[in-house]
Amino acid sequence: MKSAAKREPLVQAWLRSSRMIAACSVIVGIGIWQLAYEALARTHYFKDYAIYHFLASPLQVIQTFGDLYRSGELFRHSYFSLLEFVYGFLLAVVIGIPVGFIMATQKKINYYLDPWVSCIYATPTVALAPIIMVWFGLGIFPNSLVVFLGAVFPILLNTYTGIKSVRRNLIEVVRAFGGSPMQVFFKVMIPDAAPAIITGLRLAVGRAVISVVVAELFGAEAGLGYMVYFYSQRFLPGPVFVGIVVLVIFGILTFTLLEKAQGWLSPWYAHQVKRQTHRMEME
Amino acid sequence: MGNFAHVYRWHEKKFDACLSVILGLVAWAILDSILINNPLVLVGPLRIAEAFTRLLYRGELMRHVYATLVEFALGYFVGVVIGIGLGVLMALSRTVKEVLSPWVTIWYNAPIILLAPLFITALGLGLASKIVIVFIGAVFPVLFNTYTGMTIIDGRLVEAVRAFGGTRRQIFFKVIVPGALPLVMTGLRLSVGRALVGAIVSEFFGARAGIGYLITAASEGFRTAEAFVGVVLLAIGGYVTFETLKYVERKIAPWYEYRV
């Protein structure tokens with residue numbers, strides 16, 4: 001007689017893992033999207049409503065992706081967007097981290113800068129995009145500036161929090177054993193604040209991607225945002241979805257990469273920080 | 001004088017903040033009116049104040065603020081209700097969580113703004129398209145934080161209630177809801193920013209009124225001062241909402257430690 005424990009499970013364990021379920025969920029979801037599109041496009045009401053002007057099916061998206069890829073258009077636009085992203089983001093890192101550090105260590109400067117920082121942080125900086133366009137015109141530089149404005153504040157504030165929460169006793173130990181200020185900085189402050197700073201970078205990635213897109217929607221000669229706007233004004237939804245898919249993949253990749261970097265730079269911190277910074281990541 | 005120094009030291013942060021704002025505005029005004037003096041390039045605080053009163057008297061300002069407020073409030077409200085609902089469902093049921101989580105990740109990372117032109121072609125220039133965009137922006141931070149708040153609850157508390165004969169209902173209302181509340185509030189606070197961006201950007205593309213519309217219309221007409229009125233209003237609105245929610249958070253859960 002077979003015991004209950006020995007009976008083969010109905011579904012294999014590897015099929016029940018969350019990765020499998022996630023993959024199935026995505027595939028089934030895309031399938032539903034395709035079927036719903038086919039069904040809707042055939043109904044009288046939606047045919048009159050011209051649904052194909054603002055919704056594309058997954059198959060059409062793939063087809064459009066192929067077309068854009070072959071014509072080199074996708075590459076050109078992605079290249080410009082990437083350039084703006086990299087310039088703006090690097091500028092944000094170069095300015096955000098030192099300013100955050102200074103604010104954390106110099107009390108007086110913190111008191112003076114704090115009202116400005118918290119006020120601009122609360123402003124949706126994309127609202128400045130039209131004004132920046134009036135000032136600097138079209139092109140890579142003004143768009144990078146919008147990216148910079150979007151990305152700098154999460155980096156600055158997280159650097160500030162990170163440096164502020166460096167454990168005092170560690171600094172005192174290094175000092176007591178005759179460590180120079182440089183040593184305190186490089187051996188204690190930077191490693192102890194690194195996880196928080198990287199969390200700031202991760203938050204900034206999301207904001208920077210949105211800023212790239214918004215800046216390009218406004219004024220650009222190339223870029224994914226420009227591509228999306230161009231085609232959506234011509235009632236062609238395919239490229240719009242291609243643009244979104246490319247940006248989603250880019251966003252998730254960068255996010256995971258920085259997560260990996262966090263584990264690699266400060267392995268002793270990884271799981272501790274995961275709990276602590278969970279809220280901060282949810283922005 | 002010694003008394004003043006004492007008061008100053010006591011409230012040093014507030015004094016310095018006020019001083020910094022005043023100095024900043026004065027420097028800005030001097031730079032604007034003496035050094036550069038070109039209303040197209042730089043607009044000082046005086047010009048912005050002037051444009052503000054002008055728009056206010058014409059009644060235009062109220063119209064724009066009202067339009068944005070309605071879009072924001074409706075989209076945000078629907079986003080909060082659905083976000084909390086789905087977050088609770090995901091926390092309670094493993095299946096729901098595993099089926100939904102890849103989609104939540106994808107949508108959360110997607111620059112929803114790109115859909116704005118499509119929503120406007122589909123739903124028109126009016127309120128509907130904006131509400132949808134604000135909704136999509138607002139829903140995910142609330143959802144994520146509700147889910148996290150409900151899952152990081154200390155298991156010992158649940159066990160203690162159970163050991164003393166608490167029902168499932170009691171566990172839910174006496175432990176899980178109060179425990180998750182601070183994080184839910186954080187979610188509400190974080191989604192304000194995203195919802196505001198959604199409202200503004202959707203107005204950039206096509207609208208008849210709203211702060212985003214004011215900004216684009218003004219900057220396309222090279223009336224930079226008026227565009228800045230919109231930006232300043234947004235800054236004040238964002239700051240006030242953010243601080244109010246932070247205050248409410250502290251009132252609801254004073255034991256909770258805040259970081260952002």
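This report describes a predicted model with chains A and B, moving from the parts of each chain to the places where the chains meet.

**Chain A in outline**

Chain A has 14 helices and 0 strands. Read from the N terminus, every element in the run is therefore an α element: α-α-α-α-α-α-α-α-α-α-α-α-α-α. Of the 283 residues in chain A, 38% are buried. Contacts with a separation of 6 or more can be sorted by distance along the chain. In chain A, 75% of them join residues 24 or more positions apart.

**Domains of both chains**

The domain assignment splits chain A into domain 1 (11-44) and domain 2 (55-281). Chain B is divided into domain 1 (1-37) and domain 2 (43-252). The table sets out the pairs.

| Pair | Distance between C-alpha centres | Residues in contact |
|---|---|---|
| Domain 1 and domain 2 of chain A | 32 Å | 5 residues of domain 1, 4 residues of domain 2 |
| Domain 1 and domain 2 of chain B | 33 Å | 5 residues of domain 1, 5 residues of domain 2 |

What kinds of residue does domain 1 of chain A bring to its contact with domain 2 of chain A? That side divides into 3 nonpolar, 1 polar and 1 charged. In chain B, the side of domain 1 that touches domain 2 has 3 nonpolar, 1 polar and 1 charged residues.

**Where the chains meet**

The contact between the chains takes 46 residues from chain A and 51 residues from chain B. On the chain A side, the elements that give two or more residues include helix H2 (18-42), helix H6 (107-122), helix H7 (129-136) and helix H10 (181-218). Helix H11 (224-233), helix H12 (237-265) and helix H14 (278-281) of chain A are also among them. Which of these gives the largest share? H12(A) does, with 8 residues. By class, the chain A side divides into 33 nonpolar, 10 polar and 3 charged residues.

One helix pair across the chains can be followed in detail. H7(A) packs with helix H10 (residues 211-220) of chain B. Their axes lie 9 Å apart, at an angle of about 10 degrees. Angles under 35 degrees count as roughly parallel, so H7(A) is roughly parallel to H10(B). H7(A) makes the contact through A:Pro130, A:Ile131 and A:Val134. H10(B) makes it through B:Ile215, B:Thr216 and B:Ser219. The contact has 4 nonpolar, 2 polar and no charged residues.

**H10(B) has a second partner**

H10(B) also packs with helix H4 (residues 60-92) of chain B. Here the angle is about 130 degrees, and the axes are 7 Å apart. That makes H4(B) oblique to H10(B). On H4(B), B:His64, B:Val65 and B:Thr68 take part. They meet B:Ile211, B:Tyr213 and B:Leu214 in H10(B). This contact divides into 4 nonpolar, 2 polar and no charged residues.

**The nonpolar core**

The largest nonpolar core has 128 residues. Which members touch the most others? They are A:Val213, A:Val214 and B:Ile200. H10(A) supplies the largest share of this core, 18 residues.

A:Val213 touches residues of both chains. Leaving aside residues up to four places away in sequence, its contacts in chain A are A:Leu224, A:Gly225 and A:Leu247. In chain B, A:Val213 touches B:Pro111, B:Ile113 and B:Leu114.

**An enclosed helix in chain B**

Why is helix H6 (residues 116-123) of chain B described as largely enclosed by the rest of the structure? The reason is that 6 of its 8 residues are buried. Those residues are B:Ala116, B:Pro117, B:Leu118, B:Phe119, B:Ile120 and B:Thr121. They pack against elements of both chains. From chain A come H11 and H12. From chain B come helix H7 (127-151) and helix H9 (168-205). After H6(B) comes B:Gly124, whose phi is positive, near 90 degrees.

**A buried leucine**

B:Leu100 lies in helix H5 (residues 94-109) of chain B. Is B:Leu100 buried or exposed? It has 20 other C-beta atoms within 10 Å, so B:Leu100 is buried; the cut-off for buried is 20 or more. B:Gly24 is 76 residues away from B:Leu100 along the chain. The C-alpha atoms of B:Leu100 and B:Gly24 are separated by 48 Å.

Definitions and conventions:
Residues numbered from 1 in each chain as written. Chains lettered and ligands numbered in written order. Predicted model: local features only at pLDDT ≥ 70, side-chain atom pairs only at ≥ 80, totals over all residues. Contact = placed C-beta atoms within 7 Å. Helix = DSSP H or I, 4+ residues; strand = E, 2+ residues; numbered from the N terminus. Nonpolar A, V, L, I, M, F, W, Y, C, P; charged D, E, K, R; others polar. Core = buried A, V, L, I, M, F, W, Y, C linked by C-beta atoms within 7 Å. Buried ≥ 20, exposed ≤ 12 C-beta atoms within 10 Å, placed from the backbone. Domains from an automatic or database assignment. Axes fitted to C-alpha atoms, helices over the stretch in contact; angles between N-to-C directions. Parallel < 35°, antiparallel > 145°, perpendicular 65-115°, else oblique.
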